[in-house]
Amino acid sequence: MGKSPSYFIVESSALPEIFLKVAEAKRLLETGEVDTVHLATRRVGISRSAFYKYKDAVRPFNDMLHGRIVTFQFLLKDEPGVLSAVLNIFAQTGGNILTINQSIPSNGCAAVTVGAETSGLRIALEELLNQALEIEGVLRCEILAG
């Protein structure tokens, strides 16, 4: 029986260039910008053998979380309307909230964990986090699990 794979979340700037090029080639194929592996690999400047070697091991974080239940954690100021504004982002972008857990506020802040199903999301998860950070009273937001 084979060993099950291990996964890491790594910032793209820390990855070897080949992984980024494989991801770009896959994107070109998925969006229909090119219709063959030959054209995709030629455009990004890698060999087809390198593409086939890594194509199943490299995928954007968003692709891994699309259509799954994702747990978000927010640190919010304990002020009226802040949590409501965060929840509105989910409503406006197609996120389906399944759970909301809030700690008792201390030092004027509360930790809020939101479990959401993301298959209906019309924006990237990173964009959802960016929109949340723009809300006055949102001190931190991150994805805990997916």
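Thr-93 is found in helix H5, where helices (H or I, at least four residues) and strands (E, at least two) are DSSP runs numbered from the N terminus. At 6% relative accessibility, Thr-93 counts as buried, on a scale in which buried means under 20% relative accessible area, exposed over 50% and partly exposed in between (1.4 Å probe, protein chains only). Leaving aside residues up to four places away in sequence, Thr-93 touches Gly-120, Leu-121, Arg-122, Ile-123, Leu-128 and Gln-131, a contact being heavy atoms within 4.5 Å.

The model is a predicted one, in which local features need pLDDT of at least 70 and side-chain atom pairs count only at pLDDT 80 or more, while totals for chains, interfaces and linings use all residues. Residues are numbered from 1 along each chain as its sequence is written, and side-chain values use heavy atoms, with hydrogens and water left out.

Taken as a whole, the protein chain has 6 helices and 4 strands, and along the sequence these follow the pattern α-α-α-α-β-α-β-β-α-β. Of the 146 residues in the protein chain, 27% are buried. Among the contacts between residues at least 6 apart in sequence, 65% join residues at least 24 apart.

Two of the contacts already listed for Thr-93, Leu-128 and Gln-131, also belong to the packing of two helices, since Ile-89, Phe-90 and Thr-93 in H5 meet Leu-128, Gln-131 and Ala-132 in H6. By class, this contact of H5 with H6 has 4 nonpolar, 2 polar and no charged residues, where Ala, Val, Leu, Ile, Met, Phe, Trp, Tyr, Cys and Pro count as nonpolar, Asp, Glu, Lys and Arg as charged, and the others, Gly among them, as polar. Helix H5 (residues 82-93) and helix H6 (residues 125-133) pack at an angle of about 145°, with their axes 9 Å apart; the axes are lines fitted to C-alpha atoms, for helices over the stretch in contact, and the angles run from 0 to 180 degrees between N-to-C directions. The crossing of H5 and H6 is right-handed, a crossing being left-handed if the near helix is turned anticlockwise from the far one by less than a right angle, and right-handed if clockwise.

A further helix pair lies earlier in the sequence, where helix H1 (residues 17-31) and helix H2 (residues 37-44) pack at an angle of about 135° with their axes 9 Å apart. H1 and H2 are therefore oblique to each other, given that angles under 35 degrees count as roughly parallel, over 145 as roughly antiparallel, 65 to 115 as roughly perpendicular and the rest as oblique. H1 passes H2 in a right-handed crossing, and the contact is made by Lys-21, Glu-24, Ala-25, Leu-28 and Leu-29 of H1 together with Val-37, Ala-40, Arg-43 and Val-44 of H2. These residues divide into 6 nonpolar, no polar and 3 charged. Arg-27 also has its place in helix H1, and at 34% relative accessibility Arg-27 counts as partly exposed. The C-alpha atoms of Arg-27 and Pro-60, which are 33 residues apart along the chain, are separated by 9.5 Å.

Turning to the strands, S1 (residues 69-77) has Val-70, Phe-72, Phe-74 and Leu-76 pointing to one face and buried, whereas Ile-69, Thr-71, Gln-73, Leu-75 and Lys-77 point to the other and are not buried. In a regular strand the side chains alternate between the two faces of the sheet. S1 runs antiparallel to strand S3 (residues 109-117) and is joined to S3 by 9 bridges, strands being taken to pair if DSSP finds at least two bridges between them. The bridge partner of Leu-75 in S3 is Ala-111.

S3 is also joined to S2, by 6 bridges and again in an antiparallel arrangement, with Ile-100 standing opposite Val-114 in S3. Asn-101, placed in strand S2, is partly exposed, with a relative accessible area of 49%. Not counting residues up to four places away in sequence, Asn-101 touches Ala-111, Val-112 and Thr-113, while the C-alpha atoms of Asn-101 and Gln-73, 28 residues apart along the chain, are separated by 9.5 Å.

S2 and S3 form a hairpin with 6 residues between them, and Asn-107 lies in the loop between strand S2 (96-102) and S3. Most residues other than glycine have a negative phi. Asn-107, although it is not a glycine, has a positive phi of about 55°, and Asn-107 is exposed, with a relative accessible area of 81%.
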